[in-house]
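Trainee: I would like to take a close look at one part of this model and then follow the description outward from there. Could you set out the details in one connected account?

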Amino acid sequence: MERLISTPLAVCMVAFCLAGSAQDAPDAAERAAPAPTDAPYPVDYFAMRAVVSNVSVSPDGKHLALMKIQTKDGNPIVEVYDAADLDKVPFRMDANPMEIEFFSWVSDRDILFRARQQVRKRIEGFNQGVYEYKWGMLDVERKKVRSFSAERAQIVGVLPNKPNKVLLAIAQGGGDGPGAKLNRAFRPLSYWELDLRRGTKKLLVRGKISLGQIEFDADGNPWLGRGFDEGSDEYVWYHRKLGEKGWRDVLRHSEDSFESFSVAGFDVDDRNKLFVIANRGNDTTGLWTYDVDTAEFEAVYRRSDVDIAGVVGHSNFWEHPDRIVGVAYNKGRFFYEFFDELEGATREQLRGVVPNAYNVRISSRSRDGNTMVIANTGPRDPSSYYLLKDGRLRTVGSQQPLLESEGLADVEFITYEARDGEQIPAWLTVPNGEAPFPLVVMPHGGPFVTETVAYDKWAQLLANNGYLVLQPQYRGSYNYGLDFHLAAFADVSQGGRAMQDDKDDGALHLIEQGLAEKDRVAMFGWSYGGYAALVAASRTPQVYQCVVAGAAVSDPTMQVNYIRWRMRGAPSEKWIDYWDNAVSPLDEVEKVNVPLLIVHGDVDQRVPIDHAKKYLKLLDEHGKSYEYLELPGADHFYSTLFYDHQETFFGKMIDYLANDCGPGGLKS
C-alpha cells in the first residue's frame with residue numbers, strides 16, 4: 001500500500017553471522033494458502049511468532065531496520081533497508097546459534113542488539129532460567145559486528161547526544177546484606193558510560209542502598225536518584241541540579257503506604273519541576289508536577305474513573321529525548337491527552353490514514369522529523385508497521401501477515417455487577433456470527449496487574465474458532481483505583497473466593513444477556529489465570545464444563561516461599577496474607593467436578609513444573625479426569641513459547657474445547 005499525505009513538521013558463544021547480498025527469503029504469507037473466509041484459520045497461523053517487529057529508522061533517516069522471522073520455526077534476523085528505496089535487497093544479520101531479542105539504533109550507522117541462547121536443560125531455581133545473554137553492535141556501513149558482555153550488566157539508556165556511547169548498569173554484590181530484603185527496584189547499581197567502539201567504560205556513579213537507582217538525562221547527567229532509608233522505612237527520591245555534584249533529598253514515600261508513587265520525568269523547560277504519578281490522597285492516580293525548590297505539587301491531569309497509565313515522550317527522541325508531551329490512560333483502550341498540540345495533531349492525522357486504526361503511534365522518527373515509522377495495533381490488526389518518508393506512506397509489514405482483518409474479531413469494553421455489588425470491568429472478544437456463543441472466560445495473570453486488550457492472540461484464536469471470550473478485570477486488578485485494588489484484600493483474603501466470584505459472575509452475566517450459551521462455558525488461564533482455572537474446577541455450583549490451566553500455581557504456599565524472605569512493608573504483608581489464606585488447589589482436588597487440560601513448560605522458572613507434578617499426582621490418587629500437555633523447553637513467559645510450542649498447545653486446546661470439554665464438547 002502507498003498513500004500520499006501531508007506531514008506536520010559466560011558460555012562459549014560463536015561469532016555473529018552476516019549476509020549482505022542474499023536475495024529476499026519468501027515471507028510466511030507467500031508460503032501458505034489463505035484459509036477460507038468461512039472457516040477458522042489453521043492454528044499454525046496463530047502459532048507463528050512475530051514475522052516483522054522492532055521496526056525503526058536510523059537517526060539520520062537513511063536506513064530502516066527491522067527484525068524478521070523468515071520461516072515458521074526460525075529465529076529473528078535483523079534486516080537493514082535503504083529507507084529511500086525499500087525495494088532494494090536489504091543487508092541481513094543473523095546471530096545463529098543465538099537468537100536476537102531486540103535492537104536499538106545508537107547512532108546514524110550503529111545498531112545495538114541483545115541476543116540469547118539456551119545453555120541449560122533445567123532451571124537453576126526460582127527466576128533462574130535456562131538462557132544466557134550477550135550484547136553486540138552492528139556497523140551498518142562497514143557491515144561489521146562486534147560483541148561484548150559484562151557480568152550482571154544491563155544497558156539502561158542510549159545517549160542521543162553522545163553517539164556510540166550508552167549507559168551501563170551493573171548490579172553490586174550478591175543477595176545478602178542489609179538491603180537484601182528491598183524491592184529490586186531499589187537495590188544498588190553502579191553506572192558506567194560504555195564506549196561501544198572502543199569497548200571501554202567509565203564509572204559515572206556508584207550506587208548504595210541509601211541511593212541506589214540513578215536516572216540520567218540525554219547528555220548522561222544524573223538528575224534523579226532513588227534509595228531506601230532503613231531508619232525511617234521510607235523510599236527516598238534524590239535530585240541533583242545540572243552542574244552540581246551533591247544530591248538533595250526531595251521526596252519520601254513510606255514503604256507501608258498502599259498509594260502509588262513514582263517520578264516519571266522532568267520538565268525540560270524547568271528542570272527543577274519533576275513529573276510525578278501518584279494518588280496524593282485520591283482513589284485514582286494522576287499526573288502532578290513537583291517543584292524541588294518549593295516542595296509544592298501542582299495537578300496536571302487526573303481522572304476519577306481510571307488511573308494514569310503513564311506519560312508520553314516526544315515522538316522525535318533524537319531531537320527531544322527528555323521532553324514529555326502528554327499523558328496516557330486506559331479505558332477500553334489507550335487514550336492520550338497531549339500538552340504539545342503539534343504532537344497531538346500529528347497522532348490524530350495518522351489515525352486517519354492507517355487501516356483499522358486503533359492504537360496508532362509513532363514508534364520511531366528521524367532527527368529531522370521527516371521520516372518516521374508508524375505502528376498500529378488493535379483487535380483487527382496484530383500490529384502493522386508503515387514508513388512515512390517524503391510524504392509517502394508505505395507498508396513495511398505485519399507481525400502476523402496471514403491473519404486478515406476480516407477473519408479477526410472486535411473487542412468491546414463492558415462492566416457487569418458481581419454478586420456483592422462490585423462493578424467489574426471486562427473485555428469481551430466477540431466472534432463473527434450470531435449469539436449465543438460458547439464462552440471461554442480468560443482471566444489475566446498476576447493477579448495484581450493492569451491488562452489492556454488491543455490485539456490478544458489467545459483471545460483472537462478462540463474467537464476465530466467461534467468462542468466468545470471474556471477477560472474480566474476482577475477486583476485486585478490495577479487501573480481502576482486504589483479501592484478496587486484493595487477490595488481483593490478485604491476481610492478474609494479473596495484468592496479463590498470473591499475474586500473467583502467475579503469471574504463466575506461475568507459468565508453468568510453473559511448467559512443472562514443471551515450472548516453466551518449455558519452449559520457451553522469453559523475457563524482458560526495462564527499463571528495466576530491457570531490457578532483460577534484450577535480453583536474453578538472444584539467449585540460448586542459449577543459454571544464451567546471444563547477448564548484449561550496453563551503454568552498454574554497449584555501450591556500457593558510453595559510459590560510464596562520462593563520470595564517470602566525478601567518481602568517487607570504493609571503492602572507486601574497484605575500480599576503474603578492474601579496467598580497464605582487463599583484457596584489452595586491441592587486441597588481441593590477431591591472436589592474437582594469437571595475435566596481438566598493442564599499445560600506446563602518443563603523449564604518454567606516463575607511457576608516451576610513441580611506445581612503441575614504435585615497436582616497431577618493428587619488427580620491420579622482421586623481418579624479425576626484430565627489430560628496433560630508438557631511443553632519441552634518452554635519457560636513461563638510468552639517470549640519462550642516458540643512455534644512448535646504454540647502449534648502443539650493451540651491445536652490441543654482447540655480440539656479439547658470442541659470435543660472433550662464436558663459431555664460431547666463445547667461445539668456439540
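Trainee: Where is P436 found?

Mentor: P436 is found in the loop between β31 (423-430) and β32 (437-441); the labels refer to DSSP runs numbered from the N terminus, helices being H or I with at least four residues and strands being E with at least two. The model is predicted, with local features requiring pLDDT of at least 70 and side-chain atom pairs counted only at pLDDT 80 or more, whereas totals for chains, interfaces and linings use all residues. Residues are numbered from 1 along each chain as its sequence is written, and side-chain values use heavy atoms, leaving out hydrogens and water.

The peptide bond that leads from A435 into P436 is cis, with omega near 0°. Another cis bond runs from T540 to P541, with omega near -5°, and P541 has its place in the loop between α7 and β35 (546-550). A further backbone detail concerns K143, a residue other than glycine whose phi has a positive value, near 55°; K143 belongs to the loop between β9 (131-139) and β10 (144-148). Most residues other than glycine have a negative phi, and most peptide bonds are trans.

The loop that holds P541 follows from α7, which leads to the packing of that helix. Helix α6 (residues 498-512) and helix α7 (residues 528-536) have axes that come within 11 Å and cross at roughly 80°, where axes are lines fitted to C-alpha atoms, for helices over the stretch in contact, and angles run from 0 to 180 degrees between N-to-C directions. The two helices, α6 and α7, are therefore roughly perpendicular (65 to 115 degrees, with under 35 counted as roughly parallel, over 145 as roughly antiparallel and the rest as oblique). From α6, M499, Q500 and K503 take part in the contact, and from α7, Y528, A532, V535 and A536, contact meaning heavy atoms within 4.5 Å. Sorted by type, the contact of α6 with α7 has five nonpolar residues, one polar and one charged (nonpolar: Ala, Val, Leu, Ile, Met, Phe, Trp, Tyr, Cys and Pro; charged: Asp, Glu, Lys and Arg; polar: the others, Gly among them).

A second helix pair involves α4 (residues 457-464) and α11 (residues 643-659), whose axes come within 11 Å and cross at roughly 40°. That angle makes α4 oblique to α11. At this contact, K457, W458, L461 and L462 of α4 meet Q646, F649, F650, M653, I654 and L657 of α11. The residues of the contact of α4 with α11 divide into eight nonpolar, one polar and one charged.

One of the α11 residues just listed, F649, also has a place among the aromatic pairs, of which the structure holds 30 (rings of Phe, Tyr and Trp, the last by its six-membered ring, with centres within 6.5 Å; planes under 30 degrees apart are stacked, over 60 edge-to-face and the rest tilted). The ring centres of W526 and F649 lie 5.7 Å apart and the planes stand at 45°, so this pair is tilted. W526 belongs to strand β34 (residues 516-526) and F649 to helix α11, so the pair ties together parts that are 123 residues apart in sequence.

F642 lies in the loop between β37 (626-631) and α11. Residues up to four places away in sequence aside, F642 touches R49, N75, E99, R116 and Y131. By contrast, the C-alpha atoms of F642 and Q500 are separated by 31 Å, the two residues being 142 residues apart along the chain.

Two open sheets complete the account. In one, three strands take the order β23-β24-β25 with antiparallel pairing, strands being paired if DSSP finds at least two bridges between them. At the edges stand β23 (308-313) and β25 (334-338), each with a single partner strand, so one side of each has no neighbour in the sheet. Strand β24 (residues 324-330) is joined to β25 by five bridges, and Y329 has F335 as its bridge partner in β25. Across β23, β24 and β25 lies helix α3 (residues 341-351), which runs at about 145° to β25.

The other sheet has four strands in the order β11-β12-β13-β14, again with antiparallel pairing. Its edge strands are β11 (153-158) and β14 (200-206), each pairing on one side only. Within this sheet, strand β12 (residues 165-171) and strand β13 (residues 189-195) pair in the antiparallel sense over seven bridges, and A171 has L189 as its bridge partner in β13.
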